[in-house]
Amino acid sequence: MTTIKRVLCGAAVAGLVAGTASVAGSQVGLSTVTADWMLAAEHVLLLGTDGTNLDKILEYAYNDDSGFKMLMDRGITAATTIAGHMTMSTPSWSTILTGVWDDKHGVVSNVYRPEPYTTWPSVFNLIEYFKPEVDTTVISGRGLFTEIASTGGYPADNIIGITGGSTSAEMDSLVTQETIARILATTTNPNLDTFMFSYQSQVDHAGHSFGGGSDEYRDAVINVGANWKEILDAVAAAEEATGDKWTIIAVTDHGHQQNPDLFGFSLGHGFQSPNETSSFVMLSLAGNEAQAGGQSLTYQTVDITPTILQVFGIPMRSDFDGVPMQTDPDILNSIVFPTDLKQALTAAIASYGYPNIGIDVMLSIRALAGGAGYFLENYALPPILNYLQTIVDQDIFLISGLAEGAQWVLKTVGDATADVLTDIGRVVAYFTGAGVIPPSDAPLPPPGVAEFTGSLDTLFTGFAAPELGAPELPALLDLDVLAG
């Protein structure tokens with residue numbers, strides 16, 4: 001019997017094609033969707049780059065040496081905005097990896113807590129519960145992603161926390177090499193379906209240290225583009241070796257302020273300016289060459305998880321805020337093919353502004369309250385503690401001992417204060433609308449209690465899974481039969 005993933009995808013395509021007419025002009029809608037590419041997807045690669053403005057990609061990395069340009073040529077690109085939602089990293093990545101906005105998952109700061117990902121399961125949990133045979137991997141030098149991938153009872157198969165490298169650029173290079181090795185390793189077992197998430201951090205670090213308009217930010221964007229080109233070359237080699245096709249999705253969580261603050265350090269993001277709410281989504285769907293070089297007018301970062309699940313034939317939660325980008329009719333009918341993609345994306349970026357004043361004020365209050373504890377613990381205290389450590393290291397009679405004592409007091413009081421501020425921030429966030437919407441779907445059961453062991457087609461009324469080569473498949477894909 002054919003794997004249920006392939007059958008579900010084929011049925012979805014057939015239904016979509018049957019119910020849709022051609023779209024005239026420069027738009028390409030459902031009429032371009034064919035069974036071939038929906039049946040081909042076996043591997044999904046999610047590439048994440050933190051705090052990366054699309055306008056800087058278009059300015060500095062829209063060339064043949066960049067993986068950004070390779071993805072744009074291979075797939076569909078959207079200049080997106082997260083205006084009206086928090087522009088901190090952890091809330092934004094939580095949206096990307098759960099398929100719901102912060103009014104549901106309730107994450108409002110960069111302080112990690114496991115509860116949101118047990119209430120709103122991550123893409124790792126959902127794949128591992130419904131399709132444990134899919135090999136899931138996360139590769140990151142940032143602990144947030146290894147934490148999320150290990151939370152919720154159904155952890156990713158391979159949780160690879162990258163250490164080493166004296167800079168974020170060096171760490172990203174190590175992430176890149178590990179990602180390439182994992183991609184090429186799939187050629188030794190081409191029948192194993194895979195999902196990988198690979199994360200790059202250096203652009204965000206450059207933005208915080210020097211501002212989004214700096215030369216350092218430019219160089220980081222170029223570096224990530226070069227890293228992604230190496231990764232895409234590895235995907236191409238794996239595709240050639242096995243004949244399998246890869247679906248590749250690239251995304252950033254938020255943008256960046258352009259200039260450093262008064263003291264040379266930039267908060268970078270957290271508020272609602274267009275530079276901070278700027279984001280992008282690039283989708284190269286396996287085998288869907290017909291839409292290569294296109295632009296989507298409606299992709300959102302919240303669509304990432306539903307899209308990944310759809311590739312593997314995993315059912316959608318009814319309480320997702322996002323939708324599968326490859327099958328949603330409204331999304332498919334909003335794909336256009338501009339004469340000049342770079343110019344069209346630049347115009348889209350320029351069209352985005354601030355949310356209305358009420359939402360702007362509400363989210364500013366939430367950002368200040370939610371981020372206070374994290375800021376104190378990670379930015380305000382460390383410089384003071386580091387300065388005291390230099391005095392301790394000098395071993396000055398009496399003075400070094402006093403400095404060591406002051407360190408202990410500051411750290412103890414500071415940690416306690418940060419915890420209190422974080423708790424207050426969650427309360428403020430709740431009263432400004434974060435985490436106020438509970439799930440409508442049942443939680444995933446604890447492992448070993450009632451794990452999903454049935455066939456996925458039982459989740460769809462009246463659907464049976466035929467063999468791909470069976471006589472009933474042509475009828476399944478026959479438009480007249482389905483339309484009738």
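Which residues are buried in helix 9 (residues 143–150)? They are Leu 144, Phe 145, Thr 146, Ile 148 and Ala 149. Keep in mind as you explore that this is a predicted model. Below is a friendly tour of helix 9, the cores, a strand pair, some salt bridges and a surface patch.

**Around helix 9**
- The buried residues of helix 9 pack against helix 5 (89–98), helix 7 (115–119) and helix 8 (123–130).
- They also pack against three strands: strand 4 (135–140), strand 5 (158–161) and strand 6 (194–200).
- Just after helix 9 comes Gly 152, with a positive phi of about 105 degrees.

**Nonpolar cores**
- In soluble globular proteins, nonpolar side chains tend to be buried together.
- The largest nonpolar core here has 46 residues, and Phe 124, Phe 195 and Ile 308 touch the most other members.
- Helix 8 gives this core its largest share, 6 residues.
- Leaving aside residues up to four places away in sequence, Ile 308 touches Val 44, Leu 46, Val 123, Ile 127, Phe 195 and Ile 249.
- Another core, of 34 residues, lies apart from it and includes Ile 57, Leu 71, Val 224 and Trp 246.

**Strands 4 and 5**
- Strand 4 and strand 5 run parallel and are joined by 4 bridges.
- One bridge pairs Val 138 with Ile 159 of strand 5.
- Look at how the side chains alternate along strand 5: Asn 158 and Ile 160 point to one face and are buried, whereas Ile 159 and Gly 161 point to the other and are not.

**Salt bridges**
- The structure holds 14 salt bridges.
- One of them joins the side chains of Glu 239 and Arg 74 at 3.0 Å, N to O. Glu 239 sits in helix 12 (residues 215–242) and Arg 74 in helix 4 (residues 67–74), so this pair ties together parts that are 165 residues apart in sequence.
- Glu 239 is buried, at 15% relative accessible area, while Arg 74 is partly exposed at 28%.
- Lys 56 and Glu 59 also form a salt bridge (3.9 Å, N to O). They are 3 residues apart in helix 3 (residues 54–60), which means about one helical turn separates them.
- Lys 56 counts as buried at 10% relative accessibility, but Glu 59 counts as partly exposed at 49%.
- A network of salt bridges links Asp 215, Arg 218 and Asp 219; within it, the closest N and O atoms of Asp 215 and Arg 218 are 3.4 Å apart.

**A patch on the surface**
- Ile 396, Phe 397, Leu 398, Ile 399 and Leu 402 form a nonpolar surface patch, together offering about 560 Å² of accessible area.
- Ile 399 belongs to helix 18 (residues 399–431) and is partly exposed, with a relative accessible area of 42%.

Technical notes
Residues numbered from 1 in each chain as written. Predicted model: local features only at pLDDT ≥ 70, side-chain atom pairs only at ≥ 80, totals over all residues. Heavy atoms only, no water. Patch = residues over 30% accessible without salt bridge, like charges linked within 9 Å, V, L, I, M, F, W, Y side chains within 5 Å. Areas by Shrake-Rupley, 256 points an atom, 1.4 Å probe, with all protein chains shown as cover. Salt bridge = Lys/Arg side-chain N within 4 Å of Asp/Glu carboxyl O. Helix = DSSP H or I, 4+ residues; strand = E, 2+ residues; numbered from the N terminus. Buried < 20%, exposed > 50% of the residue type's maximum accessible area, 1.4 Å probe, protein only. Contact = heavy atoms within 4.5 Å. Core = buried A, V, L, I, M, F, W, Y, C linked by side-chain atoms within 4.5 Å. Pairing = 2+ DSSP bridges.
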